Amino acid sequence: MKELLRKLLNNEGKVSLLLLEALELVETSGDKDLVNYIENELNGYKSRELPNYRKIKGEIIADIQNPYGRLEKNIPINIGKLSEEIGLDVTVVQVYDGIGFVEENLNHLSSSNVNRPLPEPLVESLNQIVQYNNPGVTVISAAHRFSKTGLQHIPIKVREELIKGLQNINKRSKENTELVEKIEVEGDKKIKVFVTYAWEDNNYNDKIISFVDFLRKKGFDATMDRGATQNETATNLNKMMVTGINQADKVIVVLSAKYKKKADVFEGGVGTEFQIILEELKTKINKFIFVSFGDEEFEKIVPTGIIGREILDLKKDQDDNDFNLLFSKILSRNVIQFSDVEENIPEVKTREIKPFKL
């Protein structure tokens, strides 16, 4: 288990091969749930319930023939009515394939988007809806189009789940506990902070760089996209973004009007990133810190998907608290320390009610 955990924690090897390596070990441990999980990931989920990370939001595109017989390709189709009729969101791609197949596809994908053909019954239903509103138009074929980043997210999540499962086995069996703790902090004991934002002009981008450098000077292992791009000659930005979010202990999202505009319509890298953030927020409510530089009104910078969540005004925090609130959120420490609950409680004095008399 020592070597397997080392590979997993250091992002070495194909996830499919690591799952095969883990299967026999997990079977010996008697952890049936983890065995089932590994077998599903290796062999595909078939009709079984999918984990959320295997449900990727996309769009429907179609090749259509207009009334004059001309073929138009890859036309985005609004399928709200079809989703309503069949009772599910057909823009969501459900990836049932085994992890080996997913990894193989990723190796051969050269574009940033993936097209997956729709089943014939769905194409027929889509054709009927399109023809109802557009007589003479025929849907020849249709496909899901979704971001390659969504597929890249799957092996990352599987690796995380396998790490958690193996570490739980260690804890239950009380074996190699010290080894696991050593591996978890090996080479770096600092809190990893990933700062993400929407690219704007040079002045704004330089302010982000200064913010990241400020965090590093305060003892946090803070990174951003510029750090990765200057270390590699041909950085895969989507992969860098997904890896940055998943490997960080805390993710600081710097909000701006441009970030909101892209996040609200899931446009570009910000849109892809925001889908991942919304999914992660379901289970990791303390991982993300949404901040503002204090120069724009909140209603102009807060994406619809996070309305109601706390937004930290860094300018105000700097002036009022010397960034104490920011540091408390990164360190997951309470600013207000309440006293312990005492054993004894106060005695309540009662007042006697006199007999009624007129």
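Select Phe266 to begin, in the loop between H12 and H13. With a relative accessible area of 40%, Phe266 is partly exposed, because that value falls between the 20% cut-off for buried and the 50% cut-off for exposed. Its phi is positive, about 50 degrees, although Phe266 is not a glycine. Most residues other than glycine have a negative phi. The model is a predicted one.

Next, show the two helices on either side of that loop. H12 covers residues 257-264 and H13 covers residues 268-280. Their axes are 8 Å apart and the packing angle is about 75 degrees. H12 is therefore roughly perpendicular to H13, as angles of 65 to 115 degrees are counted that way. To see the contact itself, display Tyr259, Lys262 and Ala263 on H12. On H13, the partners to display are Val270, Gly271, Glu273, Phe274 and Ile277.

Now go to Phe323, in the loop between H15 and H16. Phe323 is another residue other than glycine with a positive phi, here near 65 degrees. Is Phe323 buried or exposed? Its relative accessible area is 12%, so Phe323 is buried, the limit being under 20%.

Continue into H16, residues 324-331. Select Leu326, Phe327, Ser328 and Ile330, which are buried. What do the buried residues of H16 pack against? Among the strands, they pack against S7 (192-196), S9 (250-254), S10 (288-292) and S11 (311-313). The helices in this packing are H9 (202-217) and H15 (314-321). Colouring these elements separately will show the surroundings of the buried residues of H16.

Step just past the end of H16 to Ser332, where phi is positive again, at about 55 degrees. Further along, in the segment after H16, is Val335. At 47% relative accessibility, Val335 counts as partly exposed, because 47% is not over the 50% needed for exposed. Add Leu325, Ile336 and Phe338 to the selection and switch on the surface: with Val335, these residues form a nonpolar patch. Together they have about 430 Å² of accessible area.

Move to another part of the chain and select Val139, in strand S6 (residues 138-147). Val139 counts as buried, because its relative accessibility of 6% is under the 20% limit. A distance label between the C-alpha atoms of Val139 and Ile64 should read 4.5 Å, for two residues that are 75 apart in sequence. Leaving out residues up to four places away in sequence, Val139 touches Ala62, Asp63 and Ile64, and also Val123, Leu126, Asn127 and Val130.

From that list, pick Asn127, found in helix H6 (residues 120-133). Asn127 is buried as well, with a relative accessible area of 15%. Which residues does Asn127 contact, apart from neighbours within four places in sequence? They are Val137, Thr138 and Val139.

Finally, zoom out to the whole protein. There are 16 helices and 11 strands. Of the 358 residues, 40% are buried. Among contacts between residues at least 6 apart in sequence, 68% join residues at least 24 apart. The surface shown is about 22,000 Å², with carbon and sulfur atoms supplying 49% of it.

How values were computed
Residues numbered from 1 in each chain as written. Predicted model: local features only at pLDDT ≥ 70, side-chain atom pairs only at ≥ 80, totals over all residues. Heavy atoms only, no water. Buried < 20%, exposed > 50% of the residue type's maximum accessible area, 1.4 Å probe, protein only. Helix = DSSP H or I, 4+ residues; strand = E, 2+ residues; numbered from the N terminus. Contact = heavy atoms within 4.5 Å. Patch = residues over 30% accessible without salt bridge, like charges linked within 9 Å, V, L, I, M, F, W, Y side chains within 5 Å. Areas by Shrake-Rupley, 256 points an atom, 1.4 Å probe, with all protein chains shown as cover. Salt bridge = Lys/Arg side-chain N within 4 Å of Asp/Glu carboxyl O. Axes fitted to C-alpha atoms, helices over the stretch in contact; angles between N-to-C directions. Parallel < 35°, antiparallel > 145°, perpendicular 65-115°, else oblique.
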